[in-house]
Amino acid sequence: NAATKLYSVSYAPDGSTYVCNDDDGTILLYDANTDKLLHAFKMSSESVGDMRYSPDGQILVGSDESGLHFWDVDTGQLLQTITGYSEVINSVAYSPDGRTLVSLAGALRFWNVETEKLLRTLTPESSVRSMAYSPDGQTLACGTHDNTILLWNISRWQQITTLEGHTNGISSVVFSPDGQMLASGSWSRYNSICLWDVHTGELLKTLVGETS
């Protein structure tokens, strides 16, 4: 439908499919080679907070203001729903082994995906806006509205350090494939990206784009 507005494209780990959401609260799953629509997953509300593939690409999770919804990518079947939220879940992230899912809706909630058991709730003092697991699953990086990045050790549920250097809120964080470096982007008229040494907390480089 040419009139449909599509947002937030995300590819499966193997690149075989991709998803995007429309302004009617539906997540659309397409074949990446043919662009054929395979499944349409309707959310409980008209607001899609986030959507993520599991690390093995077999499950798609979508979030909204009612909770987390899990679908089988091949069959399109709704597998499970985790509810109990009172606001839109803005972001979700799978642990690398696919066993844990963390959701961001004010606080960070860590769920055992198989049992649907809430493992831990973390409420950082700074308002978190983005997050990412390290490749080994031991560290969670949280970009905040207060211009800082919080690194948490997930096995001990303890904050390791705070990275400071941005002058605006952090819009995105991502680890390098070897987990040695972290890249962070901020809301800035200069579109700045910072590169960090994860172990020392040292700011290695700041990349500045063109002004908007």
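**Entry 1: a hairpin**

I started with β11 and β12, which form a hairpin with four residues between them. I checked the backbone in the turn and found that E116 has a positive phi of about 65 degrees. I am keeping in mind that this is a predicted model.

Next I looked at how the two strands of the hairpin meet. β11 pairs with β12 (residues 117-122) in the antiparallel sense, over five bridges. I picked R109 to follow across, and its bridge partner in β12 is T121.

**Entry 2: the open sheet**

I then turned to an open sheet of four strands, and wrote down its order as β5-β6-β7-β8, with antiparallel pairing. Which strands sit at the edges? They are β5 (50-53) and β8 (78-83), each of which pairs on one side only. I also looked up the angle here: neighbouring strands of this sheet are turned by 15 degrees against each other on average, direction ignored.

Inside the sheet, I followed β6 (residues 59-63) and β7 (residues 67-72), which run antiparallel and are joined by five bridges. If you would like a spot to click on, V61 stands opposite F70 in β7. A reminder to myself for this kind of arrangement: strands of a sheet pair through backbone hydrogen bonds.

**Entry 3: a salt bridge**

How many salt bridges does the count give? It comes to one. I found that the side chains of R52 and D50 meet in a salt bridge, at 3.0 Å from N to O.

I wanted to know whether these two partners are covered, so I used the cut-off of under 20% relative accessible area for buried. D50 counts as buried because its relative accessibility is 11%. R52 is at 33% relative accessibility and therefore counts as partly exposed.

**Entry 4: the largest nonpolar core**

Last, I went to the largest nonpolar core, which has 14 residues. Those that touch the most other members are V102, L108, F110, M131, Y133, L140 and C142. I checked where the core residues come from: β10 (100-105), β11 (107-112), β13 (128-133), β14 (139-144) and β15 (148-153) each give two or more. Which element gives the most? That is β13, with three residues.

I chose M131 for a look at its surroundings, leaving aside its neighbours within four places in sequence. Its contacts include S91, V92 and A93. Also among them are V102, S103, L104 and L108. I finished the list with L140, A141, C142 and V173.

Technical notes
Residues are numbered from 1 along each chain as its sequence is written. This is a predicted model: local features need pLDDT of at least 70, side-chain atom pairs count only at pLDDT 80 or more; totals for chains, interfaces and linings use all residues. Side-chain values use heavy atoms; hydrogens and water are left out. A nonpolar core is a set of buried Ala, Val, Leu, Ile, Met, Phe, Trp, Tyr and Cys residues joined through side-chain atoms within 4.5 Å. Buried means under 20% relative accessible area, exposed over 50%, partly exposed in between (1.4 Å probe, protein chains only). Contact means heavy atoms within 4.5 Å. A salt bridge is a side-chain nitrogen of Lys or Arg within 4 Å of a carboxyl oxygen of Asp or Glu. Two strands pair if DSSP finds at least two bridges between them. Axes are lines fitted to C-alpha atoms, for helices over the stretch in contact, and angles run from 0 to 180 degrees between N-to-C directions.
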